[in-house]
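Open the model in your viewer and keep the sequence panel beside it. We'll go stop by stop, selecting a few residues at a time.

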Amino acid sequence: MKRLVHVELLLGRKVFAMNGQPIGRLEEIWAQKERGQFFVSEFLVGRYALLERLAAWSIGRAVLRVLGAKRNEGYRIRWDQLDLSDPQHPRLLCDVDELLPLTQPQSPS
């Protein structure tokens with residue numbers, strides 16, 4: 001079932017594991033274009049994810065290193081691994097162990 005959610009309202013929200021513990025804040029949302037429409041492919045969560053969007057800038061990576069952020073301090077969450085039925089409290093639909101760390105490349109299309 002497709003659901004319309006204003007993604008800009010999700011940014012900065014804590015994402016909760018199935019046990020109710022927070023795993024980090026949702027900092028980035030990646031989408032892919034199919035047949036003229038955009039669909040969310042992944043959510044990036046965690047400390048490193050905040051500046052992941054600046055990764056194209058060498059200064060972004062330098063800032064991360066100075067702040068002590070490690071690339072493994074975050075997760076890639078596929079669109080089908082996140083329950084957005086309550087957009088104020090996004091919750092995982094899988095174990096944290098099933099998530100890809102940010103060190104893994106983006107999932108295939």
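Which residue in the turn between E2 and E3 has a positive phi? Select Arg35: its phi is about 50 degrees, and it sits in the turn of the hairpin that E2 and E3 form, with 2 residues between the strands.

Before moving on, some ground rules. This is a predicted model, so local features need pLDDT of at least 70 and side-chain atom pairs count only at pLDDT 80 or more, while totals for chains, interfaces and linings use all residues. Residues are numbered from 1 along each chain as its sequence is written, and side-chain values use heavy atoms, with hydrogens and water left out.

**The whole chain**

Zoom out and colour by secondary structure. You'll find 2 helices and 7 strands in the protein chain, and reading along the sequence gives β-β-β-α-α-β-β-β-β. Here helices (H or I, at least four residues) and strands (E, at least two) are DSSP runs, numbered from the N terminus.

Now show the surface. The protein chain exposes about 7,300 Å², with carbon and sulfur atoms supplying 54% of that; the areas come from the Shrake-Rupley method with a 1.4 Å probe, and for residues only the protein chains shown count as cover. Of the 109 residues, 34% are buried. Buried means under 20% relative accessible area, exposed means over 50%, and partly exposed is in between (1.4 Å probe, protein chains only).

How do the contacts spread along the chain? Among those between residues at least 6 apart in sequence, 50% join residues at least 24 apart. A contact means heavy atoms within 4.5 Å.

**Following the strands**

Go back to the hairpin and select strand E2 (22–34) together with strand E3 (residues 37–45). They run antiparallel and are joined by 8 bridges. Two strands count as paired if DSSP finds at least two bridges between them. For one facing pair, pick Gln32, which stands opposite Phe39 in E3.

Next add strand E4 (residues 75–78), which pairs with E3 in the antiparallel sense over 4 bridges. Two pairs to click on here: Phe43 has Ile77 in E4 as its bridge partner, and Val45 has Tyr75.

Then add strand E7 (residues 100–101), which pairs with E4 in the antiparallel sense over 2 bridges. Click Tyr75 again: this time look across to Pro101 in E7, which it stands opposite.

While you have these strands on screen, a general point: in a regular strand the side chains alternate between the two faces of the sheet.

**Two salt bridges**

How many salt bridges does a search of the whole structure find? It finds 2, counting a side-chain nitrogen of Lys or Arg within 4 Å of a carboxyl oxygen of Asp or Glu.

Select Arg76 and Glu42 for one of them, where the closest N and O atoms are 3.2 Å apart. Arg76 lies in strand E4 and Glu42 in strand E3, so the pair ties together parts that are 34 residues apart in sequence. Are these two buried or exposed? Arg76 counts as buried at 4% relative accessibility, and Glu42 is buried too, at 1%.

Move to Asp80 and Arg78, whose salt bridge has its closest N and O atoms 2.9 Å apart. Asp80 is partly exposed, with a relative accessible area of 36%, and Arg78 is partly exposed at 38%.

**Into the cores**

Select Val15, Ile23, Leu26, Phe43, Ile77, Leu82 and Leu92: these have the most contacts inside the largest nonpolar core, which has 14 residues. A nonpolar core is a set of buried Ala, Val, Leu, Ile, Met, Phe, Trp, Tyr and Cys residues joined through side-chain atoms within 4.5 Å. E2 and E3 each supply at least two residues of this core.

Centre on Ile23. Beyond its neighbours within four places in sequence, its contacts include Val15, Val45, Tyr75, Ile77 and Leu92.

For the second, separate core of 5 residues, select Trp30, Tyr48, Ala49 and Leu102, which are among its members.

**Last stop: Val5**

Head for the segment before strand E1 (14–16), where you'll find Val5. Val5 is buried, with a relative accessible area of 18%. Leaving aside neighbours within four places in sequence, Val5 is in contact with Leu10, Leu84 and Pro87. Finally, select Ser85: its C-alpha atom is 9.1 Å from that of Val5, though the two residues are 80 apart along the chain.
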